[in-house]
Amino acid sequence: MRLHLGTDAIGRRLDQALVAELARRGSPCTRSQLARAFAAGKVCAAGGGALKASRLVDAEVEVEVELQAPEPLHATPEALPLQVVFEDEHLLVIDKPAGMVVHAGPGHSHGTLVNAVLHHLGIGAELLPVLPGNDATRPGIVHRLDRDTSGLLVVAKHMQAQEGLAAQFRRHSLRRRYLGVVRDAPAFAEKTLRTGHARDPIDRRRFTWDASDGRRAVTHLRTLQRLTGAALLEFRLETGRTHQIRMHCRMLGHPIVGDALYGGLGGPPAIRALAEGLGRHALHAAVLGFSHPISGAELDFESPLPPELQGLVAALGGAEP
């Protein structure tokens with residue numbers, strides 16, 4: 001494809017300018033995809049030779065880009081640690097550690113929770129259900145947690161269970177509560193946010209509340225502890241949009257500590273040092289409750305803050321929650 005980089009691209013790296021232009025055209029592409037194209041010599045000046053990703057754009061330019069199709073992803077069993085807190089013949093409830101991706105995607109073909117579940121069950125991906133609209137990399141998956149969010153997640157073993165759980169997510173009838181440490185103690189004791197939710201047009205990795213075509217996003221917040229330059233909050237989800245809590249905390253000016261994408265690495269030097277040393281964002285899915293999709297029994301599970309987040313709270317002058 002031929003792309004025109006205008007004056008707004010001048011001064012930027014070529015790879016950054018191309019990602020922004022592709023996103024503007026509604027054809028988002030990851031840096032890894034573009035890096036493969038550069039490595040293969042498939043990014044060229046119109047009528048000229050191959051260009052380097054690090055080249056600075058110094059004038060308006062026409063660029064020919066041939067994006068290479070990503071390799072197909074397959075879910076295969078892998079022997080990975082997996083903390084199962086409940087299991088029967090219909091479903092599993094798992095306490096996911098921070099740093100584990102839920103299912104395969106660009107840049108994450110292995111080491112996912114799905115890989116670990118398949119090994120735990122001793123089966124291939126074809127024996128787990130896939131919801132309509134999902135691809136084969138998400139067998140059994142009904143919902144997901146961000147890579148650096150720890151906590152509770154349910155996986156279905158067959159289609160009836162998966163559809164029953166998915167229906168509860170659509171009705172917003174599940175009981176989901178998160179704990180998170182945010183920068184600066186908010187003035188409120190309780191607050192409810194009702195906003196839109198859509199991709200940020202400036203940074204496509206993020207989401208924004210400021211969009212006329214956004215979907216509805218509702219989060220109920222409660223301040224549990226006021227800490228030194230921070231606070232421990234509880235978040236109850238009414239809707240479950242991608243990055244919803246992280247987006248809402250950025251909107252309030254109280255980003256999740258350690259959340260680089262939404263501004264959680266700033267603040268006073270002491271807070272910044274703790275955030276950088278944490279190696280993750282301080283968000284944990286602590287409570288998950290739902291009706292069993294087969295028996296109808298009400299199931300409720302709780303997961304305590306993992307040690308690194310307990311240590312963060314303690315370092316900020318708080319008692320164990």
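# Notebook: overall form, salt bridges, pocket and cavity

I began with the overall dimensions: for 321 residues a compact globule would have a radius of gyration near 20 Å, and the chain has 22 Å, which agrees. I note at the outset that this is a predicted model, and I read every entry below with that in mind. Taken along the principal axes, the C-alpha atoms fill a box of roughly 65 × 50 × 35 Å. I then looked up the secondary structure and found 7 helices and 14 strands in the chain. As for burial, 48% of the 321 residues count as buried.

**Entry on the N-terminal elements.** I looked at helix α1, which spans residues 14-24, and found it mostly covered, with 8 of its 11 residues buried. The buried residues are L14, D15, A17, L18, V19, E21, L22 and A23, and I noticed that D15 and E21 are on this list. I next followed the pairing of the early strands. Strand β1 (residues 2-5) runs antiparallel to strand β3 (residues 61-65), and 4 bridges connect them; in this pairing R2 has E64 of β3 as its bridge partner. Strand β2 (residues 43-45) also pairs with β3 in the antiparallel sense, here over 3 bridges, and A45 stands opposite V63 of β3. Strand β3 is therefore a partner of β1 and of β2, by the criterion that two strands pair if there are at least two bridges between them.

**Entry on salt bridges.** I searched the whole structure and recorded 15 salt bridges. I took E234 and R177 as a case to follow, since their side chains meet in a salt bridge with an N to O distance of 3.1 Å. E234 lies in strand β12 (residues 230-237) and R177 in strand β7, so this pair ties together parts that are 57 residues apart in sequence. I then asked myself how E234 and R177 stand with respect to solvent: E234 is buried, with a relative accessible area of 12%, while R177, at 31% relative accessibility, counts as partly exposed.

The second pair I looked up was R205 with D203, where the closest N and O atoms are 2.8 Å apart. R205 is exposed, its relative accessible area being 57%, whereas D203 is buried at 16%.

The third pair was R216 with E238, with the closest N and O atoms 2.8 Å apart. R216 lies in the loop between β10 (207-208) and β11 (217-227), and E238 in the loop between β12 and α5, so the pair ties together parts that are 22 residues apart in sequence. R216, at 45% relative accessibility, counts as partly exposed, and E238, at 23%, also counts as partly exposed. I also noted a network, in which salt bridges that share partners join R144, D146, R246 and D259.

**Entry on R204.** I placed R204 in the loop between β9 (198-199) and β10, and its relative accessibility of 34% makes it partly exposed. I checked its separation from A40 as well: R204 and A40 are 164 residues apart in sequence and 25 Å apart in space, C-alpha to C-alpha.

**Entry on the second largest pocket.** How much space lies in the second largest pocket? I recorded about 950 Å³. Of the 32 residues that line this pocket, the closest to its centre are H143, R144, G240, R241 and T242; R144, I remarked, is also part of the salt-bridge network with D146, R246 and D259. Helix α4 (159-171), strand β7 (175-183) and helix α5 (244-252) each supply at least two residues of the lining, and the largest share, 4 residues, comes from α4. By class, the lining divides into 13 nonpolar, 10 polar and 9 charged residues.

**Entry on the cavity.** I finished with enclosed space, and found that the structure holds 1 cavity of 30 Å³ or more. About 30 Å³ of space lies in this largest cavity. Which residues line the largest cavity? The lining consists of Q168, F169, H172, S173, L174, R176, L237 and E238, and these divide into 3 nonpolar, 3 polar and 2 charged residues. E238 is thus a residue I had met before, as the salt-bridge partner of R216, and at 23% relative accessibility it counts as partly exposed.

Conventions: Residues are numbered from 1 along each chain as its sequence is written. This is a predicted model: local features need pLDDT of at least 70, side-chain atom pairs count only at pLDDT 80 or more; totals for chains, interfaces and linings use all residues. Side-chain values use heavy atoms; hydrogens and water are left out. On a 1 Å grid over the protein atoms alone, a cavity is a set of points where a 1.4 Å probe fits but cannot get out, and a pocket is an open set with protein on both sides within 12 Å along at least five of seven lines; lining residues have an atom within 4 Å of a point. Grid points are joined across faces, edges and corners, and a volume is the space filled by probe spheres set on the points. Ala, Val, Leu, Ile, Met, Phe, Trp, Tyr, Cys and Pro count as nonpolar, Asp, Glu, Lys and Arg as charged, and the others, Gly among them, as polar. A salt bridge is a side-chain nitrogen of Lys or Arg within 4 Å of a carboxyl oxygen of Asp or Glu. Buried means under 20% relative accessible area, exposed over 50%, partly exposed in between (1.4 Å probe, protein chains only). The radius of gyration is taken over C-alpha atoms; the globule rule is 2.2 Å times the number of residues to the power 0.38.
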